[in-house]
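This report describes the fold of one protein chain. It goes from the chain as a whole to one sheet and then to a surface patch.

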Amino acid sequence: MRSLLSGLIILLMVPRARAGDVLTLSRITDAALAQSETIGLSEEAVRRAEAGVTELRAAVLPRLGVRGTERIQDVSGVPVGSNSTFTRRERPEASVYARQTLFAGFREFAALKAQNALAAARAGDLAAARLRLREDIARVFYTVVESDLEIVSLESLAALTRERAVELRKRTTIGRSRQSEVLSTDAQIADLDARLVAARGRRAVGLEILRSFTGKDVAGVADDAPPAGPPPALAACLAALPARPDLLAAQNEAAAQRQWAASVRRTRWPTVSAEGNYYLKRTGFNEPINWDVLLSLDAPLYTGGAVTGAVRGAESDRRAADLRLRRARREAERELRERYQNLSTLLAQADALARAAVLAENHHRELAREYRLGLVTNLDVLSAMNSWQEARHALAVARTEAKNALLLLGLSMGRVP
């Protein structure tokens with residue numbers, strides 16, 4: 001009967017929120033992704049990189065256009081009867097032209113490959129930004145869940161302690177308990193009330209952070225995730241690392257810098273281009289000529305060191321990108337190993353705490369029985385009750401942290417739950 005009453009008290013004291021405001025982790029994440037400025041900026045970076053691909057592709061394709069000119073000049077000093085083309089008052093001309101670069105050291109193709117790799121890197125940055133936002137939200141979400149668990153645990157312990165205080169006062173009136181025991185119990189109740197205020201404050205702060213993420217009033221959270229199970233083998237987790245978006249982005253960034261460096265080096269090569277015109281209207285001695293083609297060669301011999309400086313800068317950017325890729329891979333592996341170890345530890349801790357909670361409950365029940373027989377003091381019972389409730393709370397927290405750890409481990413491998 002006593003355990004049933006305690007269960008009802010716990011159920012009634014669970015922090016409640018307004019209808020419709022209790023959100024799951026997935027709903028909070030979806031709302032945050034939809035309104036995040038960081039995600040929006042990353043999406044614009046992808047669009048800008050894709051626009052750069054279109055711009056550079058134009059350097060490979062021919063240029064087509066229509067050109068028209070009308071030259072009007074002073075002919076007052078020209079002898080009458082002169083029929084020279086150069087001395088005509090009006091010299092109209094119209095043509096359709098096509099311009100194509102025939103050879104430029106293939107630097108335009110290297111630049112196009114670099115821009116494609118850069119666009120892929122920006123897409124990886126976008127996916128990585130979404131994963132980081134999921135991590136941030138998960139941490140805050142489970143902080144609120146743990147605050148809820150702490151509030152329930154403290155309220156349950158306070159309710160049980162108040163029951164003991166009522167019983168102690170009855171025993172004091174008949175001389176079976178001391179007044180100091182009542183005062184000790186009241187002191188614990190006051191301490192529990194203070195801890196409740198702090199826990200509710202932490203919960204309120206967490207809900208405010210979630211509100212800033214989502215733009216919605218979040219009055220409570222609902223943890224609907226199943227209990228965390230054992231992770232895959234560490235080798236399998238490490239094998240999934242190359243697919244992480246941030247590593248793919250760093251890899252594409254390094255590839256882009258290699259192509260940019262190749263493109264800059266090839267500026268030393270000559271450029272051969274062709275331009276053809278088909279004339280729609282001409283005057284004078286040019287009138288019978290319907291078309292012409294211009295071939296041009298531009299071979300740089302001396303640029304004052306501009307090309308050398310550009311090449312050195314591009315090579316420096318390439319080496320820096322390779323170093324960033326190495327660092328990203330090393331940090332990703334370190335992060336995954338840490339999270340894997342953390343999850344394994346939490347699962348083992350939860351198993352040990354489950355056994356400890358059962359033993360602590362049996363110990364409390366036995367001491368409560370012995371107290372009624374006058375074999376132990378109230379302090380012994382209070383201490384056992386505190387140990388029991390703390391073990392239950394620690395078990396709930398460990399299981400909640402294991403859920404978060406499992407989620408973070410999956411995100412470390414680039415997997416969205």
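How many helices and strands are there in the protein chain? The chain holds nine helices and six strands.

## Overall form

The model is predicted. Its protein chain has a radius of gyration of 38 Å, whereas the globule rule gives 22 Å for 417 residues, so the chain is more spread out than a compact globule. The C-alpha trace spans about 140 × 45 × 35 Å along its principal axes.

Of the 417 residues, 39% count as buried.

## The four-stranded sheet

Four strands make an open sheet in the order S2-S3-S5-S6, and their pairing is antiparallel. At the edges are strand S2 (63-72) and S6, each of which pairs on one side only. Neighbouring strands of the sheet are turned by 25° against each other on average, with direction ignored. In general, the strands of a sheet pair through backbone hydrogen bonds, and the pairing may be parallel or antiparallel.

## Bridges within the sheet

S3 and S5 run antiparallel and are joined by nine bridges. Among the residue pairs, Phe103 has Val272 of S5 as its bridge partner, and Ala94 is partnered with Lys281 of S5.

S5 is also joined to S6, by eight bridges, and these two strands run antiparallel. Here Ala274 has Leu295 in S6 as its bridge partner.

## A nonpolar surface patch

Which residues form a nonpolar patch on the surface? They are Val66, Val96, Leu102, Tyr278, Leu280, Trp291, Val293 and Leu295, and together they have about 890 Å² of accessible area. Three elements give two or more residues each to the patch: strand S3 (90-103), strand S5 (271-281) and strand S6 (291-298). The largest share comes from S6, with three residues.

In a regular strand, side chains alternate between the two faces of the sheet.

## Leu295

Is Leu295 buried or exposed? Leu295 has a relative accessible area of 61%, and because the cut-off for exposed is over 50%, this residue counts as exposed. Leu295 lies in strand S6, an edge strand of the sheet. The residue appears in two of the features described above: Leu295 belongs to the nonpolar patch, and Leu295 is the bridge partner of Ala274.

Note on methods
Residues numbered from 1 in each chain as written. Predicted model: local features only at pLDDT ≥ 70, side-chain atom pairs only at ≥ 80, totals over all residues. Heavy atoms only, no water. Patch = residues over 30% accessible without salt bridge, like charges linked within 9 Å, V, L, I, M, F, W, Y side chains within 5 Å. Areas by Shrake-Rupley, 256 points an atom, 1.4 Å probe, with all protein chains shown as cover. Salt bridge = Lys/Arg side-chain N within 4 Å of Asp/Glu carboxyl O. Buried < 20%, exposed > 50% of the residue type's maximum accessible area, 1.4 Å probe, protein only. Pairing = 2+ DSSP bridges. Axes fitted to C-alpha atoms, helices over the stretch in contact; angles between N-to-C directions. Rg over C-alpha atoms; globule rule 2.2 N^0.38 Å.
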